[in-house]
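Student: Could you take me on a close look at one part of this model? I'd like to follow it step by step and see how you read it.

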Amino acid sequence: MVTEKYLLALLIFILTILAIISSRYTRRLSRERNLLIDRGAELEDLVSERTRELVEAKNQAELANKTKSEFLASMSHELRTPLNAVLGYAQFLQHDPSNPISDAQNERIEAIQAGGNHLLKLINDVLDLAKIEANKLEINLEEVVAQDVVREALEFVVPETEVRNIEIFDAQEPEIKSIVRTDRVRFKQVLLNLLSNAIKYNKPNGTVHVSLEELGGYVRIKVKDTGIGIKPDQRDLVFEMYDRLGQDSKTASDGTGLGLTISKMIVERLAGQMDFASEEGVGSTFWFDLPLATNNQVIIWDDRLSVGVEFIDKDHGRLVDLLNQITQQSIDGKTVDSIVFELLAYCDYHFKREEAVMEACGYPDLDDHKKIHRDLLDQANLKAQNWHSNANLKSLDDLRLFFRNWLVGHILNIDIEIQQYTNQYPDIVQAVLDKHAARQI
Ligand code: ADP
């Protein structure tokens, strides 16, 4: 009996001790939990504040960039008009039969013209660059015989070859006609830039060979010179803006360091690509590809594809750009993989922000539109997996053709409707885009 009482008392004692310990422990746990919740809330505040700052900074940077491009575009116009007057009057002085000038005066006028022409080239280049950066480069697509453009460009540079004593060879097959779908003026501009470099950076009595060949769905135009070449360690700088690889203005006074940057950007806008091979002291071959008119896999972005909503056009432009990158025959499997991955990820990002904006602006049939987006992603993912497990040209063709047809059809038939809903509410659109950007960061 005594033992039982004793055991009961001991049990009660132990339970009391346990209860005290447990209640202390629970209090401590709850204190720590509250502390954690407070810290969590503090961190959340901090993250959203930082995100807000980042979005703000991003918006400001975008605005500054846009303002810069607009400023450059308008300044370039303002500068061009008086400069053309200077050049026009200089020419008039040179050829005015009623007031003939002396040789010394003629020399000075030529100096005015050389300076003026250099400035004009710089202004034109800056204007082009501003347009490309602001996504405002007008593209007029037409079917063009590539060989005709090459011949015109070759005729144009004859005076330059004579001044520098360079012989130029047209290595095209006369009977072949390659029809490209492109902007004729821009095509010629790019080729003239390559020809002018091949002449300018050549050796005395050097040669330039121009040739043309069809490769897959593209025509490749090659300009080969016997010039000074480019050092291997300068390879990556060639397409950099304003980089002249240490050229001093006496060797090539008419350069700006912008020509190749602009040319590469233009070629990419025309769904092609540009590159070069070079050996120092031996010469360089610069080439670019443009899609043949029969190439139905590329999309060349022009105004017809614009739906009139800035962020959507920008996203579509990026998708087209990525799609055209996997349409190049020469890129290897690994590069294709990473571009396909980026294409799908960007597509998903674009759909989500487009849907969020549409919802906020009261777009009807949103559910149908969302379903179309999901179906596209499902099918595209399947095709990407197929390409991944059977990496051959057929599976790649299948993927890019599917994407191309889908994108063009969707933009022209469905997305074109979005403008009438979104453009009434620019503030709402901006707010949704900011919120979406915040989630992305
Ligand atoms: P620019 O000729 O106005 O300097 P580009 O952008 O056309 O500018 O060319 C950038 C630089 O690349 C040139 O300054 C020159 O150093 C180098 N370069 C371009 N083409 C050739 C070439 N065919 N041979 C050797 N170097 C070249």
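Tutor: Gladly! Let's begin at D365, which is exposed, with 12 other C-beta atoms within 10 Å. Here, exposed stands for 12 or fewer other C-beta atoms within 10 Å of a residue's own, buried for 20 or more, and partly exposed for anything in between, with C-beta atoms placed from the backbone. To find your place, count from 1 along each chain as its sequence is written. Keep in mind that this is a predicted model, where local features need pLDDT of at least 70, side-chain atom pairs count only at pLDDT 80 or more, and totals for chains, interfaces and linings use all residues.

D365 sits in the loop between helix 8 and helix 9 (366-389). Helices (H or I, at least four residues) and strands (E, at least two) are DSSP runs, numbered from the N terminus. What makes the backbone worth a look here is phi: most residues other than glycine have a negative one. D365 is not a glycine, yet its phi is positive, about 55°.

Now step back along the chain into helix 8 (residues 333-360), whose axis comes within 10 Å of that of helix 7 (residues 310-325), the two crossing at roughly 165°. The axes are lines fitted to C-alpha atoms, for helices over the stretch in contact, and angles run from 0 to 180 degrees between N-to-C directions. Angles under 35 degrees count as roughly parallel, over 145 as roughly antiparallel, 65 to 115 as roughly perpendicular, and the rest as oblique. Helix 7 and helix 8 are therefore roughly antiparallel to each other.

The crossing of helix 7 past helix 8 is left-handed, a word used when the near helix is turned anticlockwise from the far one by less than a right angle, with clockwise giving right-handed. Which residues meet there? On the helix 7 side they are I312, D315, R318, L319, L322, L323 and Q325. From helix 8 come I339, E342, L343, Y346, C347, H350 and E354. Contact means that two C-beta atoms, placed from the backbone, lie within 7 Å.

Finally, compare our starting point with N165, in the loop between helix 4 (158-164) and strand 2 (167-170). Its phi is near 55°, a positive value in a residue other than glycine. N165 is exposed, with 11 other C-beta atoms within 10 Å.
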